[in-house]
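Please open the structure in a viewer and keep the selection tool at hand. The tour proceeds in stops, and each stop begins with something to select.

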Amino acid sequence: MGMINYFTFDGVSSRDFGVFISGTTVFNAAPRSIQTVAVPGRSGTLTLDNGRFENVDLTYPAFIYDQFHENVEGLRNYLLSAAGYRRLEDTYNPDTYMMARYVSGLSVETTQIRKQGRFDLTFDRMPQRFLKAGEDPVEFTTAGSITNPTRFASKPLIRVYGTGTLGIGSETITITQNPGYIDIDSEMMDAYYGATNCNDYITLSSGEFPVLEPGSNGVNPGTGITRVIITPRWWIL
């Protein structure tokens, strides 16, 4: 008998409800967001790339083999109470995780004895599959580099101690005040210390929050920057 697969949503395993899955759509990729324009007098279609990817539906055919009534009731109430995007993992892709919302209802088919049943579970997921390795922080106290192993630029979380200039890739960040440390979140485009807004304490040389391009990215803490911790957030499709 092959491996029995399952998913984990917001830290809760489908196994807790006796639910196991098959993976007919788990390897689907998100489409690129584009606009097409027909230009009079010009053959073909002009394509405008929006520089982003669309969300994608992820459907798990699911099965409960025993104690169907109790298990499906527990699963239904759990999934439908979890609003917004939550972390989603499955055993088909053990090195990555996704951010997803549960969007479907629950329509089930049971056996005559009503101890077993099957149904589809559909999640609306963000396009990225985040590498779990990208959750590991990398610390710098002197100049060095960090290597992005993917083909996509990532938007890191950067924790900075001290004041001065910090070079990351092609971006230079100037920090004029620091209440202890500053978290510079390129995904949220925000700088903060706990609940304290710190955007007025930083200046970005290009006006853009730093990204980690594919390949090697230099990290250069200038004078006054004592420690830098980068959580890289690598991702693939």
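Begin with the whole chain shown as a surface: about 12800 Å² is exposed, and carbon and sulfur atoms supply 49% of that area. The model is a predicted one. Of the 237 residues in the chain, 39% count as buried. Now change to a cartoon view, in which 1 helix and 23 strands belong to the chain. Among contacts with a separation of 6 or more, 70% are made by residues 24 or more positions apart.

**First stop: strand β8 and its partners**

Select residues 96-102, which form strand β8. Is this strand enclosed or not? Because 5 of its 7 residues are buried, β8 is largely enclosed by the rest of the structure.

Add residues 86-90, strand β7, which runs antiparallel to β8 and is joined to it by 3 bridges. The hairpin between β7 and β8 passes through 5 residues. Within this pairing, Arg87 stands opposite Met99 of β8. Show the side chain of Arg87 as well: its charged end sits over the ring of Tyr97, 3.7 Å from the ring centre.

Next, add residues 129-131, strand β11, which is antiparallel to β8 and joined to it by 2 bridges. Here Thr96 stands opposite Leu131 in β11. Strand β10 also pairs with β8 in the antiparallel sense, over 3 bridges. In that pairing, Tyr102 faces Phe123 of β10. As a general point, strands of a sheet pair through backbone hydrogen bonds, either parallel or antiparallel.

**Second stop: the aromatic rings**

Keep Phe123 and Tyr102 selected, and add Phe7, Phe9, Phe17, Tyr60 and Tyr78; together these residues form one aromatic cluster. The structure as a whole holds 15 aromatic pairs. For Phe7 and Phe123, the ring centres are 5.6 Å apart and the planes meet at 70°, so this pair is edge-to-face. Phe7 belongs to strand β1 (residues 7-9) and Phe123 to strand β10 (residues 117-125), so the pair ties together parts that are 116 residues apart in sequence. Both Phe7 and Phe123 are buried.

**Third stop: an open sheet**

Which strands make up the open sheet? Its 5 strands follow the order β13-β21-β15-β16-β20, with antiparallel pairing. Strands β13 and β20 (202-204) form the edges, each pairing on one side only. From one strand to the next, the twist averages 20°.

Now select residues 164-168 and 215-221, strands β15 and β21, which run antiparallel and are joined by 3 bridges. Leu166 stands opposite Pro221 in β21. Before leaving this stop, select Arg159 and Tyr181: the charged end of Arg159 sits over the ring of Tyr181, 3.9 Å from its centre.

**Last stop: Pro156 and Thr231**

Select Pro156, in the loop between β13 (144-148) and β14 (157-162). Is Pro156 buried or exposed? Its relative accessibility is 0%, so Pro156 counts as buried. Beyond its sequence neighbours up to four places away, Pro156 touches residues including Ile184, Asp185, Pro210, Ile230 and Thr231. Phe209 is 53 residues from Pro156 in sequence, yet their C-alpha atoms are 9.3 Å apart in space.

Finish with Thr231, in strand β22 (residues 225-231). Because the relative accessibility of Thr231 is 19%, and buried means under 20%, Thr231 counts as buried. Leaving aside neighbours within four places in sequence, Thr231 is in contact with Gly134, Glu135, Pro137, Pro156 and Leu157.

Conventions: Residues are numbered from 1 along each chain as its sequence is written. This is a predicted model: local features need pLDDT of at least 70, side-chain atom pairs count only at pLDDT 80 or more; totals for chains, interfaces and linings use all residues. Side-chain values use heavy atoms; hydrogens and water are left out. Helices (H or I, at least four residues) and strands (E, at least two) are DSSP runs, numbered from the N terminus. Buried means under 20% relative accessible area, exposed over 50%, partly exposed in between (1.4 Å probe, protein chains only). Contact means heavy atoms within 4.5 Å. Two strands pair if DSSP finds at least two bridges between them. Axes are lines fitted to C-alpha atoms, for helices over the stretch in contact, and angles run from 0 to 180 degrees between N-to-C directions. Accessible areas come from the Shrake-Rupley method with a 1.4 Å probe; for residues, only the protein chains shown count as cover. Rings of Phe, Tyr and Trp (its six-membered ring) pair if their centres lie within 6.5 Å; planes under 30 degrees apart count as stacked, over 60 as edge-to-face and the rest as tilted. A charge sits over a ring if NZ of Lys or CZ of Arg is within 6 Å of the ring centre and within 35 degrees of the ring normal.
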